[in-house]
Amino acid sequence: MIKAANVVKFFDDTRALDHFCTTIEDGSIYGLIGSNGSGKSTFLRLIAGVYRPDEGQVEIEDAPVFENPLMKDKVFFVSDEFYYFPQSTMDEMAAFYAKMYSGFSWERYRKVGGMFPIDPSRKINTFSKGMQRQTALILGLSSQAQYLLLDEAFDGLDPIIRTALRKILADDVARRGATVIITSHNLRELEDMCDHVGLMHKGAIVFERELDELKLGFCKVQAAFKPLPDMDRLRGELEILQLETRGSLLNMVVRGESGRVLEKLSAYDPLFAESLPLTLEEVFINEMEAIGYDYNNVIF
Amino acid sequence: MITTTSSSNRGKLSGLYLSILRRNFGVTLLYFIFQFLFFPLQYILSATDALKNQNAAGRIHFIGMGGIYTGISLFFFTAMVIVAPILFTMMQYSFLHQKRSTDLFHALPIRREQMLLVNFAASATMILVPMALNYAVTIIAAASFGFPGFSLLGALADAFSAFCLTLGLLAVTTLVSVSTGTVFDNLVYTVGLLFGVPSAIFLCLGYAANDLFGCTLPDWSQYLFLASPATAPAYLRIAAQGELEQITSTPGFLLGVSLGWLALAGIFLLVDIGVYRRRGSELAGKTGYSSVLTQLVKLTGALIGGVCFTLLVRSVANSEGLLLSAVSAAVGGALIYCVAECVMSRGFKTIKTSAPYLGAGLALPVLFVLMVGLGWFGYEGRVPTLDKIESVEINFTDRYGFTHYDFDASRKSLERMQKNGRNAYDYYSLETINEILLADEKARELVHDIHQDIVNGHEQEEKNVSGAYITLEYKLKSGGSLKRSYYGMPLLAGEKYNELNACEEVKVQTHPVYSLKPSDVREITLLNRLMGNVTPVSFSEGQIGRLIEALREDMSAETYEQMENGRELGYLVLTPKYGAEYFSYTSMRKPGFVLPDESDGYDACYVLLTENYESTLALLGEFGYDGFERVDYDNIERAYITLDAYYNRDNVMRIQGPYGFDRSDLAQNEEMLSYNRGNTEITDPAVLRILAEAVRGNAQNAVVQVDGSDKQPSWGGSITLMVTFVSKDGSNLIHTFAVNPKVLPEATLLELKDSFNRQWSDENVEDPFTLVLERIRSEQ
């Protein structure tokens with residue numbers, strides 16, 4: 001379990017983290033979103049033991065992580081800016097990490113590496129940026145760290161690789177109980193990966209929730225009526241968060257489970273009514289509006 | 001089933017260490033090759049070449065304590081020993097100066113101190129292993145060739161010092177690396193700390209020595225080079241080949257410095273760890289990071305800038321005014337601090353926030369310049385009272401016109417220089433000044449009076465009438481010491497200065513006749529007072545012994561009055577044998593000094609005989625050498641007269657060498673004279689006769705020759721004429737003597753005046769002959 005308690009981190013006069021508190025349970029894939037400068041990377045570096053908190057404490061398994069090799073051995077940090085030794089190959093980097101991380105597995109390295117179109121004996125500086133990102137992920141996954149910190153590591157990856165990675169991560173979580181934290185400033189990058197999400201703004205978590213719980217709490221419904229039903233009555237029966245009317249077609253985001261909402265709508269004799277998939281962004285917009293934030297001001 | 005790699009803590013550290021070595025193998029190999037090319041290979045090539053060429057084999061001398069360097073290898077190897085640790089350390093810790101690499105290294109499950117120690121160990125390995133290999137190759141080669149001068153112990157001591165200083169350099173450079181945010185800052189602050197701080201200290205010492213009246217660089221100042229691990233190798237290897245070698249080439253000294261830096265390396269390493277542990281990773285890539293170290297370097301830069309700018313402005317303005325100096329120091333200091341701040345911050349934004357430091361950068365050089373300008377808390381006027389003085393050591397320009405050389409301390413240096421194919425002249429010209437120890441109460445009082453007069457003259461802004469030189473160092477009863485050095489002095493001090501020649505302790509410690517053994521005399525020559533009528537003398541050893549005894553007796557009995565006014569007869573020159581134990585300093589303090597073969601021309605024992613040398617003259621008469629003093633005035637064809645300005649005397653003295661006259665050294669040809677500015681040719685036989693009768697010999701102190709006038713020429717020289725005679729007999733032996741201008745006829749003085757004005761018309765120099773003529777007329 002990762003626990004941040006009242007963490008404050010300054011960069012000169014800038015307060016990057018402002019009494020930041022969160023708890024990330026083991027065995028989860030935690031998506032951390034926020035705009036640039038919201039403090040996501042700083043938080044990851046604090047978990048990785050790269051930064052020392054100015055106030056508060058970042059703990060893994062109830063132990064401080066900074067200057068704690070035992071804990072740091074369980075954490076692998078894939079930075080948003082990759083660094084490889086000059087002129088090195090992926091094999092050489094793997095050899096280095098194998099010496100550094102007690103959990104590093106060559107077997108897994110070969111297995112995961114085989115899933116990506118990367119030549120491990122080629123110099124990394126000849127790779128494209130996307131390939132370098134894949135290299136970092138392969139090395140991170142091979143470390144078999146209990147806590148894998150991925151700082152915008154999925155940004156820009158093609159769908160096939162993303163799918164492959166999603167499977168590997170899910171497998172790690174399921175098999176080893178690993179905890180993965182992925183940051184992104186783009187919700188769409190995370191919605192098919194995470195089971196938990198947190199939203200950071202100005203150095204603090206403004207919102208965090210289990211994704212399933214989030215999605216179950218809302219549904220998007222499309223229905224056609226002729227004539228349109230009495231809207232006041234409809235609002236009385238359903239907690240409508242968004243409503244859009246186009247002729248006889250209604251698009252609604254409604255709080256509640258979709259089956260129950262559709263059942264209630266059937267009482268109004270719709271021409272048709274169906275539940276539509278809700279994007280994570282839509283869920284966020286509605287949740288944040290519910291707690292008084294203007295989502296657009298936070299994210300964009 | 002997935003297997004994992006076991007990775008213990010020790011395994012991690014060794015893995016990191018080996019990983020660093022593996023990644024840097026190429027550059028390490030390159031370093032080895034460079035060192036090989038410029039160190040062992042140079043030795044092997046020189047040695048092989050010497051073996052091929054018999055002549056070269058006899059002359060070849062390898063240098064350094066172990067005799068394993070050639071000139072080229074000494075320079076380049078030393079340069080590599082200094083530069084490589086700086087570059088390697090900067091390279092090694094560059095991960096701290098990039099955000100990306102910091103993320104990688106600081107996320108590793110390794111503690112900071114372990115990280116630093118592993119990197120330090122890897123850097124040391126990368127530098128010391130190639131160095132050790134190259135030392136080994138060179139030592140084996142040197143042992144195989146067997147050239148003289150090779151010393152295994154010396155070579156090992158040399159290698160040990162290189163290792164220790166390298167570790168020191170690594171530790172200091174590491175401190176800068178862990179204190180800075182970027183590679184550029186690291187480079188600037190490393191160079192600033194390693195070279196800037198010693199430079200600033202030396203600049204300030206030099207400035208103070210130049211500006212403070214009587215100040216001379218303290219003896220310990222040379223050791224400041226050892227305070228920086230970047231300058232110490234150069235000092236120990238290169239500078240020490242010259243005049244300092246006698247001190248630094250002793251194994252004890254080298255071992256002491258080496259062990260000192262080894263200990264300092266350990267201390268610095270602990271500081272490095274402390275600083276690194278506190279270092280925030282977010283410092284990576286950050287410019288303008290302010291720490292004690294960075295401020296130290298900036299303030300050092302401001303001090304250097306302020307002092308240098310002061311020197312520049314003073315030079316341009318031709319003024320040493322206190323206000324001008326202070327303003328220049330403020331401008332220079334502030335300017336350099338601002339430039340440093342802007343460069344290190346990559347902009348002007350931090351100028352405002354660094355105002356307090358800017359103030360310090362401005363104040364530091366100003367305070368320094370002001371303190372020096374105001375006499376450094378009474379330094380200039382400090383003269384201890386007589387009752388506090390235990391003894392005093394002096395050096396001065398004696399009646400023969402020479403300062404005295406520290407033969408004792410520099411004996412080893414001479415030997416080494418001779419090994420390197422340099423001659424005795426190089427040795428003499430490089431040597432430091434020896435002290436003449438005065439314990440006699442009257443002598444001490446005389447020195448004290450001279451010192452007090454010089455100080456009073458300075459405080460009352462009296463003009464110096466002479467370019468005379470004196471260094472004095474009091475040993476105080478309290479155990480302390482006080483050392484001063486003066487060039488030039490006022491009239492009152494100058495007259496007392498001449499009296500120093502009459503002190504028995506001075507005579508005994510400065511004149512070689514007091515140490516010369518009869519068995520060491522190779523040749524004796526008698527000359528008249530114009531260096532003519534050369535009479536070779538053939539004496540038995542017993543006669544020589546008696547002659548030396550008589551000379552000592554007469555010399556000791558000679559009073560100051562006799563020195564000043566005694567009628568000069570001629571010169572007695574005793575030339576010692578090669579290999580003789582000779583110089584008084586050496587034979588008294590360090591028996592075993594051997595006069596080197598190359599010393600010919602610098603080795604004669606020269607005595608000016610006056611009518612007061614009664615015992616000597618009686619003995620010469622007994623041996624049948626009457627009449628050597630006869631002067632053939634008709635043989636003088638012409639004379640050249642010039643002023644005894646400082647430049648002229650200096651020229652004359654320079655060719656004479658220390659303490660010993662030789663005809664070949666003194667002789668100048670006419671061609672040389674024609675280039676000597678200020679000469680006036682005299683051909684009138686009557687004037688020539690007057691000149692020949694009036695001239696005073698070289699042994700007569702010509703330093704403070706004044707005509708008694710209060711008014712002195714603006715250029716500060718004494719009004720003494722230097723006369724050079726040219727003989728008719730074609731011998732072309734031309735010698736320079738001093739003469740008081742008042743003996744000359746007015747017509748000759750007028751001629752000299754016209755000649756002087758013609759030749760110095762392009763410069764604003766006051767005509768001294770008008771002064772002389774006025775003086776003569778007033779006396780009439």
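Me: Before we start, what does contact mean here?
Reply: Contact is a plain distance test on heavy atoms. The model is predicted, and the test applied to it is heavy atoms within 4.5 Å.

Me: Good. How many residues of chain A are in contact with chain B, and how many the other way round?
Reply: Take both sides of the A/B pair. Chain B puts 33 residues into the contact. On the other side, chain A brings 36.

Me: How much area do the two chains bury between them?
Reply: Interface size is often quoted as the accessible area lost when the parts come together. For chain A and chain B, 55% of that area lies on carbon and sulfur atoms. The total comes to about 3000 Å².

Me: Which three residues supply the most of what chain A buries against chain B?
Reply: No other three residues give more of chain A's share. Together they supply 22% of it. They are Glu67(A), Tyr83(A) and Met100(A).

Me: What about charges: which residue of chain B meets Asp73(A) in a salt bridge?
Reply: The count between the two chains is 4 salt bridges. The one at Asp73(A) has an N to O distance of 3.5 Å, which is inside the 4 Å cut-off. The partner side chain is Lys12(B).

Me: On to the nonpolar interior. Which helix gives the most to the largest nonpolar core?
Reply: That core has 109 residues, and those with the most contacts inside it include Tyr97(A) and Phe105(B). A second, separate core has 28 residues, among them Ile2(A) and Met71(A). For the largest one, the top giver supplies 14 residues and spans 112–145 of chain B: helix H7.

Me: Now the open sheet in chain A. Which strands are at its edges?
Reply: The sheet has 4 strands with antiparallel pairing, in the order E12-E13-E11-E14. An edge strand here pairs on one side only. That picks out E12 (239–246) and E14 (272–276).

Me: Which residue of E13(A) stands opposite Leu243(A)?
Reply: E12(A) and E13(A), the latter covering residues 249–255, run antiparallel and are joined by 7 bridges. Across from Leu243(A) in E13(A) is Met252(A).

Me: And which helix packs on that sheet?
Reply: Look for the one touching E11, E13 and E14 of chain A. Its direction makes about 30 degrees with that of E11(A). Covering residues 258–266, this is helix H10 of chain A.

Me: Last one: what share of chain B is buried?
Reply: Chain B comes to 30 helices and 12 strands. Out of its 780 residues, the buried share is 54%.

Note on methods:
Residues numbered from 1 in each chain as written. Chains lettered and ligands numbered in written order. Predicted model: local features only at pLDDT ≥ 70, side-chain atom pairs only at ≥ 80, totals over all residues. Heavy atoms only, no water. Pairing = 2+ DSSP bridges. Helix = DSSP H or I, 4+ residues; strand = E, 2+ residues; numbered from the N terminus. Axes fitted to C-alpha atoms, helices over the stretch in contact; angles between N-to-C directions. Core = buried A, V, L, I, M, F, W, Y, C linked by side-chain atoms within 4.5 Å. Buried < 20%, exposed > 50% of the residue type's maximum accessible area, 1.4 Å probe, protein only. Buried area = accessible area lost by both parts, 1.4 Å probe.
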